[in-house]
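Hi,

Here is the structure I said I would pass on. Have a look at it first, and then read on for what turned up.

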Amino acid sequence: MQYHYDGYVGRNPWIRNAEGTGRNRSAELPETMDVLIVGAGPAGIVQAAQLTESPEVRTRIIEARPQRLAAGRADGLFPRSCETFQAFEFYDEIAHEAAHMREMSFWGPHPENPAEIACGARADGPPAYVSEFPILTVNQARVIDYFAERAENGPARISINYGVEFLDLVVHETGEYPVQVRINDEHGIERTVSAKYVVGCDGARRKVRSCIDVELVTDPADQAWAVIDMLANTDFPDFRTRSGIQSDKDGSILLIPREGGFLTRFYVSLETPNDENRARIRATTAEEAIARANRILHPCSVDVREVTWFSIYEVRHPVAQSFDDVAAKNDPSLNPRVFIAGDACHTHSAKAGQGMNVSIQDGWNLSWKLGQVPTGRSEGSLLKTYNEERQDVAQTLIDYDKEWSAMMSRSPEETEGPHEIVDFFVNTANFPGGFDTRYEQSSLTGGTEHQQLTEGFPVGMRFKSAQVSRVCDTTTVHLGHHFRADGRWRLNAFADESGQEVAALADWLEHSADSPITAYTAEGQDIDSVFDAKVIYQQDYHDVDINKVPRRFLPKVGQAQIMDWEKVYTAIGHQDIFAERGIDRAGALVVVRPDMYVAQVLPLSARAELAEFFVQNMAAPKVPEFS
């Protein structure tokens, strides 16, 4: 991490100086605010962690629970979430306490003795060319803890107001704070507060969604599962490997090793639910589920010493048909004021492990936009892109989960054997990994007319990192790991062979009145406060004279105006990023959104196109006002 840019820091550098609304912050919920987040689950807390980077935006987050979540239901974290943790600067810590998933085994009836199970196939986890990050499992409560710490230690000092219950809301057509929200505060006193924007991340409660008349389409999957977190002894050899286990007659188990080396989760299939047996299925005890698990595992067995969590759930696949109040009304003349995210707008089975992962991406997609609109950096119409982008992702998630959960629930005679599941698992790995999302062309995502300049960075998809050399200290680093969830746009300039084109671009970015940096950076702000520009040269780092690098890539920042040396990189000979990502040797500019998605690919000479792109989504800066 980088610090000391505002002077020497002798304390914990993760606790940054309070700014704007973070100064003299009151613990009590105010009467008015810019953004009110309802619910401190994954979708809500990631927004608080992002909006702490916008201290001029008055943000509050409320949670009906009286205190911190002790144990969460979700636990699977796929590589896209790990990339997100890296951007929020806590990946190393959470990865250290998590269980790492490198392989998945698939067990089925023994071909010679179907009453017993046998290992039929194995599948590797995401290969390195897909992502440098693994699949992890860790308690959802710990994920929330890390995001909450980030929010509390950031400039806006955003902390959760526990014990505050959302009751309802009304959206008015006019007024500076048009959303009136009725709550019961932590003292049990009913109050009404007002906000510019409200985000419902209240999960299964879905109270916010019910206030904006969003249609919910539900497609029951006729599946019921028992979930058991356990401390146990067993002779099942893959007890610490993610496993799908299918018996001849007694159903299936999805086994997930949990963090800490001893905890394990079983998803145990139950009877197909219907109106006659639903009450009995819901009354299934942990003891009954464990007995069923032992029948599935035969000839192996499991001796459960402690059940740490147990639940029964039925797969229903509900998905909201709109993610904000305006999309629900289908009125293009209005800009949205109320949003829903995470489980409030899509739920599904736990077998694909996507609930927490997709919820985090919902929250990140929306929150950086909420950081721009109240400050005047973007118009309110920008917020329409949240529904446009994330509703399609939710529907794709439901479609994927239907297929995966149905496959895991089939009896052996309905499948072609373990290899059918392995093939599906391998062929669709990019989707649960979080890498199939591709945003369509919009005000935030450009066209693909210049995609041939860098085929490895598809427009609309997440920026896929690769290794480079940092010139200043000769360190090999991942370019994507320098990305921070700080609300800034990234301008990654891949230099031409001579360096002349990238130098001309740097001069234009710094001095032209048409440059987005000039147009959208307020007077008195650091030159990289809105746009973080980096250069990646083709030659070896020994051949780059850093004193000849354009000053735009060596900006002076902070109160003392100290030069930032860490924006100049080169390709690595044996892992040339230009070759790995198909980057034209004539150079290319890759524009990356604040949520790490590629917004545009342009030639280094495309000045007008770059300026026109940001005219669509940015506005002239305003001086922030704090109260």
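Let me start with the charged pairs. Searching the whole structure, which is a predicted model, turns up 44 salt bridges. One of them joins the side chains of Asp 145 and Arg 68, with N and O 2.8 Å apart. Asp 145 sits in helix 4 and Arg 68 in the loop between strand 2 and strand 3 (76-77), so this pair ties together parts that are 77 residues apart in sequence. The two partners differ in how covered they are: Asp 145 has 17% relative accessibility and counts as buried, whereas Arg 68, at 40%, counts as partly exposed.

A second pair to look up is Asp 238 and Arg 122, a salt bridge whose closest N and O atoms are 3.1 Å apart. Here too distant parts of the chain are linked, since the two residues are 116 apart: Asp 238 is in the loop between strand 13 (224-234) and strand 14 (242-246), and Arg 122 is in strand 6 (residues 117-124). Asp 238 counts as buried at 6% relative accessibility, while Arg 122 is partly exposed, with a relative accessible area of 41%.

Then there is Glu 566 with Arg 470, where the closest N and O atoms of the salt bridge are 3.6 Å apart. Glu 566 belongs to the loop between strand 25 (562-563) and strand 26 (568-570), Arg 470 belongs to strand 20 (residues 467-470), and the pair links these distant parts of the chain across 96 residues. This time the acid is partly exposed, as Glu 566 has a relative accessible area of 22%, and the Arg is buried, as Arg 470 has 13% relative accessibility.

Salt bridges also join up into a network, made of Asp 486, Arg 488, Arg 490, Asp 528, Asp 532, Lys 534, Asp 564 and Lys 567.

Now for a charged residue that goes without. What does Arg 581, buried yet with no salt bridge, have as its nearest side chain of opposite charge? That would be Glu 580, at 4.1 Å; a salt bridge needs the nitrogen and oxygen within 4 Å, so this pair does not count. Arg 581 does have a backbone oxygen beside it: the one of Ser 465 lies 2.4 Å from a polar atom of the Arg 581 side chain. To find Arg 581, go to the loop between helix 15 (577-580) and strand 27 (588-592). Setting aside neighbours within four places in sequence, its contacts are Thr 454, Glu 455, Gly 456, Phe 457, Lys 464, Ser 465 and Ala 466.

On annotation, the unreviewed UniProt entry gives residues 437-620 as "domain: Phenol hydroxylase-like C-terminal dimerisation". In the model, that span is 16% helix and 20% strand, and its end C-alpha atoms lie 31 Å apart.

Stepping back to the whole chain, there are 16 helices and 28 strands. The C-alpha trace spans about 75 × 65 × 50 Å along its principal axes. A compact globule of 627 residues would have a radius of gyration near 25 Å, and the chain agrees with that because its own value is 25 Å. Of the 627 residues, 59% count as buried. Among contacts between residues at least 6 apart in sequence, 74% join residues at least 24 apart.

Two covered places are worth a click. In helix 1 (residues 42-51), 10 of the 10 residues are buried. They pack against strand 1 (32-38), strand 2 (59-63), helix 4 (140-153), strand 8 (160-162), strand 11 (190-200) and helix 9 (355-372).

The other is Val 338, which you will find in strand 19 (residues 338-340). Is Val 338 buried or exposed? Buried, with a relative accessible area of 0%. Beyond neighbours within four places in sequence, Val 338 is in contact with Leu 169, Val 171, Val 179, Val 198, Val 208, Ile 212, Phe 323, Asp 324 and Asp 325. As for distances, Val 338 and Asp 92 are 246 residues apart in sequence and 35 Å apart in space, C-alpha to C-alpha.

Cheers

Methods: Residues are numbered from 1 along each chain as its sequence is written. This is a predicted model: local features need pLDDT of at least 70, side-chain atom pairs count only at pLDDT 80 or more; totals for chains, interfaces and linings use all residues. Side-chain values use heavy atoms; hydrogens and water are left out. Helices (H or I, at least four residues) and strands (E, at least two) are DSSP runs, numbered from the N terminus. Buried means under 20% relative accessible area, exposed over 50%, partly exposed in between (1.4 Å probe, protein chains only). Lys and Arg count as positive and Asp and Glu as negative; His and the chain ends are not counted. A polar contact is a pair of N or O atoms within 3.5 Å; within protein, one must be able to donate a hydrogen and the other to accept it, and residues adjacent in sequence count only if both atoms are side-chain atoms. Contact means heavy atoms within 4.5 Å. UniProt positions are given in the numbering used here, feature names are shortened, and annotations may be inferred rather than shown by experiment. The radius of gyration is taken over C-alpha atoms; the globule rule is 2.2 Å times the number of residues to the power 0.38.
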